[in-house]
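The following questions and answers examine how the parts of one protein model fit together. Please consult the sequence and the coordinates as you read.

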Amino acid sequence: MSESLAGKRIIVSAGPTYEDLDPVRFIGNRSSGKMGFAIATAAAQRDANVVLIAGPVPLPTPAAVTRIDVRSAAQMREAVLAALPADLYIGAAAVADYTPRQVSGSKIKKSGETLTLELVRTPDILAEVASHPMRPRLVVGFAAETENVATHARDKLDRKQLDMIAANQVGIAGSGFESDDNALTVYWSDGERALGPASKKQIASELLDLITERLRR
Ligand code: C5P
């Protein structure tokens with residue numbers, strides 16, 4: 001029997017962000033949102049008060065979850081900050097790191113042989129939540145890595161002042177962005193735990209078990 005999260009307010013971000021270039025084009029990524037939606041579903045089943053900030057994904061809204069749809073990293077940041085305070089923030093979204101400096105009001109015409117886009121950094125929502133005056137008690141991030149998973153994940157844990165980070169190696173068959181299954185290693189300051197390979201539903205439940213354990217400390 002999983003432990004109740006009744007009375008806890010949980011903000012989960014999920015899915016990709018789309019950064020518009022012009023009225024018909026954008027820069028996006030392959031995040032399906034499935035992991036974040038599975039976490040929101042599992043938390044609501046444990047009676048948490050869940051706010052799901054979702055990038056553009058065609059997934060149905062989980063039962064008893066308040067969903068806020070956003071498109072860009074800037075909109076996601078605004079929605080997440082507006083949803084504070086909370087007991088827990090889980091940043092499962094694949095937020096764009098860069099966005100076009102300018103959005104063209106009309107469709108960009110083809111002209112020369114090459115086209116250079118100027119991109120500027122987006123705000124790091126996770127780091128901002130972790131250093132916010134209304135910081136949730138636990139701030140949990142995700143990291144998709146292609147190599148040296150443990151080193152990069154622990155570096156992000158420290159740099160972004162997180163309580164936990166769930167890292168997966170992208171490019172492994174049967175896990176990652178579009179799959180229904182996943183395999184993660186969760187790191188915290190003095191421990192780590194491998195979860196899966198298993199369904200995202202199962203992984204979400206085990207991740208919430210780990211989080212509940214930490215909330216009790
Ligand atoms: O540094 P990296 O982008 O790999 O970190 C991934 C984690 O940071 C994820 O939890 C993601 O939701 C979060 N993130 C964010 N805002 C950004 C970039 C990443 O919240 N602009």
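Q: Which strands do the buried residues of H4 pack against?
A: The model under discussion is predicted. In helix H4, which spans residues 149–159, the buried positions include Val149 and Leu157. Contacts of the buried residues of H4 lead to three strands, namely S9 (138–145), S10 (164–169) and S11 (181–188).

Q: Why do Val149, Ala153 and Leu157 lie on the same side of H4?
A: Val149, Ala153 and Leu157 of H4 are buried. They lie on the same side of the helix because the arc they cover around its axis is only 60°.

Q: Which residues are exposed on the other side of H4?
A: Val149, Ala153 and Leu157 are buried, that is, under 20% relative accessible area. Exposure requires over 50%, and on the other side of H4 this applies to Thr151, Asp158 and Arg159.

Q: In what order do the 8 strands of the open sheet stand, and which strands are at the edges?
A: The pairing in this open sheet is mixed, and its 8 strands follow the order S5-S4-S1-S6-S9-S10-S11-S12. A strand with a single partner has one side left without a neighbour in the sheet, so the edges are held by S5 (65–69) and S12 (191–199).

Q: How many bridges join S6 to S9, and which residue in S9 stands opposite Gly91?
A: Strand S6 covers residues 88–91 and runs parallel to S9, to which 4 bridges join it. Opposite Gly91 stands a residue of S9, Gly141.

Q: At what angle does the direction of H5 stand to that of S12?
A: Helix H5 (residues 200–216) packs on the sheet, where it touches S6, S9, S10, S11 and S12. Its direction and that of S12 make an angle of about 155°.

Q: Which residues have the most contacts inside the largest nonpolar core, and which helix gives the largest share of that core?
A: The largest nonpolar core has 38 residues, and those with the most contacts inside it are Ile90, Phe142 and Ile211. The largest share of this core, 8 residues, is supplied by helix H1.

Q: Which residues does Ile211 contact, leaving aside its neighbours within four places in sequence?
A: Ile211 is among the residues with the most contacts inside the largest nonpolar core. With neighbours within four places in sequence left aside, its contacts are Leu88, Ile90, Leu138, Val140 and Met164.

Conventions:
Residues numbered from 1 in each chain as written. Predicted model: local features only at pLDDT ≥ 70, side-chain atom pairs only at ≥ 80, totals over all residues. Heavy atoms only, no water. Buried < 20%, exposed > 50% of the residue type's maximum accessible area, 1.4 Å probe, protein only. Helix = DSSP H or I, 4+ residues; strand = E, 2+ residues; numbered from the N terminus. Arc of directions from axis to C-beta. Contact = heavy atoms within 4.5 Å. Pairing = 2+ DSSP bridges. Axes fitted to C-alpha atoms, helices over the stretch in contact; angles between N-to-C directions. Core = buried A, V, L, I, M, F, W, Y, C linked by side-chain atoms within 4.5 Å.
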